[in-house]
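Work through the following exercises on backbone geometry and ligand surroundings with the model open beside you. Each task is followed by a solution in steps.

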Amino acid sequence: MADHARTELATSPFDAPLEVAARRARDWVRGLPDRPVGARAGLADLRAALDVPLTDEGADPATVVRELADASEPGLVATGSPRYFGFVIGGALPAALAADWLASAWDQNAGLHVGGPAAAVVEEIAGRWVLDLLGLPAGASFGFVTGCQMAHVTALAAARNDVLARAGWDVERQGLVGAPPVRVLAGEARHATLDRALRLLGLGTDAVEPVACGPDGRVRLDALAERLGRPGAAGPTIVCAQVGEVNTGAVDPVAEICDLAHDHGAWVHVDGAFGLWAAASPALRPLVAGVERADSWATDFHKWLNVPYDSGFAACAHPASHRAAMGTRADYLVHAEPDGPRDQMDWNPEFSRRARGFAVYAALRSLGRRGVADLVERCCALARRAAGALARLDGVEVLNDVVLDQVLVGFRDVDAGRVVEEVQRSGECWMSGTTWQGRPAMRISVINWQTGEDDVDRAVAAIEAAVASLTRVSPNRSEP
Ligand SMILES: Cc1ncc(COP(=O)(O)O)c(C=O)c1O
């Protein structure tokens, strides 16, 4: 018997658990359009289902996987549902999900080229495609990270290196004790992950000088100019711009920010977790005009590109600073030659790491340029549809100018938090709440490739029903 035939007949210890996993995964994703969106099981149910005795002997792998799926599914949120509008959570494209399965099966340690040459080359290629799609400089360096949080850490580490080196300080060697102070100018409406990145980098949140924003959360240029021009304010400075505020989707005037900041010798970092993907659409690109003039960028693949978690991207216009901040060496490793292949750990904060590039590569190839632009444009059009329909409902107000995929909704007669809870309880769709300028509100984020007009209309109907039921019972209702 030929070797390959023998292999085909033999069973492997992987067969049964992988078959269970494949069947359950397929059932899960197939059911996404129809299943209730929120988790059904409560905390006590989940603990009871999952807290089995950890035995001495272990258990049959396929049984473990089956029981894990049985116990977990009631406690899963169908974040891939076309009617999941919570936070800013993208779905998963079929090609990306399948490639991500392969990344698990192949189990490459994608820290070094030698740990998996294909994983390194895929990142090299997919990274170049991303720079091109987003209109960023072709010579920018990049790292595939877990998400925008770590993209900030990576990019701001490069920024820290650069602005301090220009002040004669080698932060990689000397650390921050005794270093010249680094100012960080960032909008009042910046994302929380920016502050956490500054904490992790030892700059601390006191380094932030908040810049006043307009009503939609866009940085005010006069306020930025005033901060930058303060007497005695020269010195290492990082300016953070945001394209896509998490509640309103508002986009900072990034071209003007770059001009102002660069005139003062500052580094410009862009938080483009989801909004940077506007640059992939010829129709929406003008919104983020000038973004390519920044010094570093952070974005996500697990948001608008619909790659499974966790997957983000840091890019930097100054590869030497990026590499100085992230590069690492160890005698027992096999590092690539300087002009040789790419070792991912020189551009990433991780050492051992998952081969995240496969899923990104598959997502980009399956969509193509037009597909990425369509995905972004479709989500924005659906957000406008939702906003238009909601604005026509009694007692409902759309609080933002819908420039991207985010709709911010206020309620005149009922508490927004209760509407959010009621809608979540319905299972029809899932949105999250927020407080915007002191006012409780509902956030709707349209960022899933499967979402269609019917899903938006069903979501609007669910909100209308929730408002109606709460208005009937609310003692606070202001009668006409
Ligand atoms: C503007 C912005 N920046 C950063 C982040 C953090 O992204 P991640 O959760 O991928 O770290 C988010 C998440 O929604 C965001 O909207």
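Helices (H or I, at least four residues) and strands (E, at least two) are here DSSP runs, numbered from the N terminus. The model is predicted, so that local features need pLDDT of at least 70 and side-chain atom pairs count only at pLDDT 80 or more, while totals for chains, interfaces and linings use all residues. Residues are numbered from 1 along each chain as its sequence is written.

**Exercise 1.** Locate phenylalanine 87 and state whether it is buried or exposed, or in between.

Solution. Phenylalanine 87 belongs to the loop between α4 (61-72) and α5 (94-106), and its phi is positive, about 40°, although it is not a glycine. A residue is buried if 20 or more other C-beta atoms, placed from the backbone, lie within 10 Å of its own, exposed if 12 or fewer, and partly exposed in between. Because phenylalanine 87 has 15 C-beta neighbours inside 10 Å, it counts as partly exposed.

**Exercise 2.** Carry out the same steps for glutamine 437.

Solution. Glutamine 437 sits in the loop between β10 (432-436) and β11 (439-445), with a positive phi of about 50° although it is not a glycine. With 13 other C-beta atoms within 10 Å, glutamine 437 is therefore partly exposed.

**Exercise 3.** Which form does the peptide bond from tyrosine 309 to aspartate 310 take, cis or trans?

Solution. Aspartate 310 is found in the loop between β6 (296-300) and β7 (312-316), and the peptide bond that leads to it from tyrosine 309 is cis, with omega near -10°. Most peptide bonds are trans, and most residues other than glycine have a negative phi.
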